[in-house]
Amino acid sequence: AAQETVTVTVLATTDMHGYLLPYDYFAARPAPRGLAAAATLIEGVRRESPHTLLVDCGDTIQGSPLAAVHQTAVRAGQTSAPDPMMLAMNALRYDAMTVGNHEFNYGLSNLSAARSHARFPWLSANTVTGEALPAFAPYVVKTVAGVKVAIVGLSPWTIPEWEKPEHIRGMSWLAPEEGVRRALRELEAERPDVVIA
């Protein structure tokens, strides 16, 4: 049989920190950042390369004034509105997001609220609960143009050094390589063509 070549393009954002618009609110001027600016680039790449995966590498729901106001209101019980970053990422059809250390900055209740509005999985192969069970899906497998791609998420294992203990109660972190080993063992049955961590 003739060989067929398929190109799968992987697009990744990271450290969005709640910035939707390309604006620096602290300096009060436009800035080359924000999900709206990335959206233009993402859609341009998708037009040229329709076989794409879009992932976020974490530190997404905390940082900007918008994120701070939203997260503070959620924590105070003043709103149950969806997380604005999750709404925007849903609209952009993200395939997955890795859990970053800043996802824990407002505590597990806020993290869970934001996660509940995402239409894509939050991944972390090395975040575990007290019973050593995964706190998040360790990976997701997507088939793009016939290519089976496994996406493994890994969080910083130094989160306990940075975060308030009450924000991460009941959770612990494996070394990244141990998280990858566990995920790869589980993935053997899936037989992916490509693994991205």
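User: Which residues are linked in a network of salt bridges?

Analyst: In this predicted model, the network of salt bridges links Glu 178, Arg 181, Arg 182 and Arg 185. The structure holds six salt bridges, and one of them joins Glu 178 to Arg 182, while another joins the side chains of Glu 178 and Arg 185.

User: How do you know that Glu 178 forms a salt bridge with Arg 182?

Analyst: The closest N and O atoms of Glu 178 and Arg 182 are 3.4 Å apart, and the cut-off for a side-chain nitrogen of Arg and a carboxyl oxygen of Glu is within 4 Å, so the pair qualifies as a salt bridge. The contact between Glu 178 and Arg 185 has an N to O distance of 3.8 Å, and it therefore passes under the same rule of within 4 Å. As a general point, side chains of opposite charge can pair when their charged atoms come close.

User: Why are Glu 178 and Arg 182 separated by about one helical turn?

Analyst: Both residues belong to helix H6, which covers residues 176–187, and they are four residues apart in this helix, which means a separation of about one helical turn.

User: What makes Glu 178 and Arg 182 partly exposed, rather than buried or exposed?

Analyst: Glu 178 has a relative accessible area of 23% and Arg 182 has 28%; buried would require under 20% and exposed over 50%, so a residue with a value in between is called partly exposed.

User: Are the side chains of Arg 33 and Asp 24 buried or partly exposed, and at what N to O distance do they meet?

Analyst: Arg 33 and Asp 24 meet in a salt bridge at 3.5 Å, N to O, and this distance is within the 4 Å that the term demands. The two partners fall into separate classes of accessibility: Asp 24 has 15%, which is under 20%, so Asp 24 is buried, whereas Arg 33 has 30%, which lies between 20% and 50%, so Arg 33 is partly exposed.

User: What makes Tyr 25 suitable for a nonpolar surface patch?

Analyst: Tyr 25 lies in the loop between strand S2 (23–24) and strand S3 (29–30), and its relative accessibility is 38%. A patch residue needs over 30%, so Tyr 25 passes this part of the test. Together with Leu 21 and Phe 26, Tyr 25 makes a nonpolar patch of about 350 Å².

User: Why is Thr 98 called buried or exposed, and where is it found?

Analyst: Thr 98 is found in strand S5, residues 96–98, and its relative accessible area is 11%, which is under 20%, so Thr 98 is called buried. Thr 98 also belongs to the lining of the largest pocket, among whose other residues are Val 10, Asp 56 and Ile 151.

User: What makes the lining of that largest pocket up, by class?

Analyst: The lining residues divide into eight nonpolar, two polar and one charged. Asp counts as charged, so Asp 56 is placed in that class. Strand S4 (52–56) and strand S9 (147–152) each supply at least two residues of this lining, and the pocket has a volume of about 160 Å³.

User: What makes a space a cavity, and how many of 30 Å³ or more does the structure hold?

Analyst: In a cavity a 1.4 Å probe fits but cannot get out, and the structure holds one of 30 Å³ or more. Its lining includes Gly 18, Leu 66 and Met 85, and helix H2 (65–75) and helix H3 (84–91) each supply at least two of the lining residues.

Note on methods. Residues numbered from 1 in each chain as written. Predicted model: local features only at pLDDT ≥ 70, side-chain atom pairs only at ≥ 80, totals over all residues. Heavy atoms only, no water. 1 Å grid on protein atoms, 1.4 Å probe; cavity = no way out; pocket = protein on both sides within 12 Å on 5 of 7 lines; lining within 4 Å. Points joined across faces, edges and corners; volume = space filled by probe spheres on them. Patch = residues over 30% accessible without salt bridge, like charges linked within 9 Å, V, L, I, M, F, W, Y side chains within 5 Å. Areas by Shrake-Rupley, 256 points an atom, 1.4 Å probe, with all protein chains shown as cover. Buried < 20%, exposed > 50% of the residue type's maximum accessible area, 1.4 Å probe, protein only.
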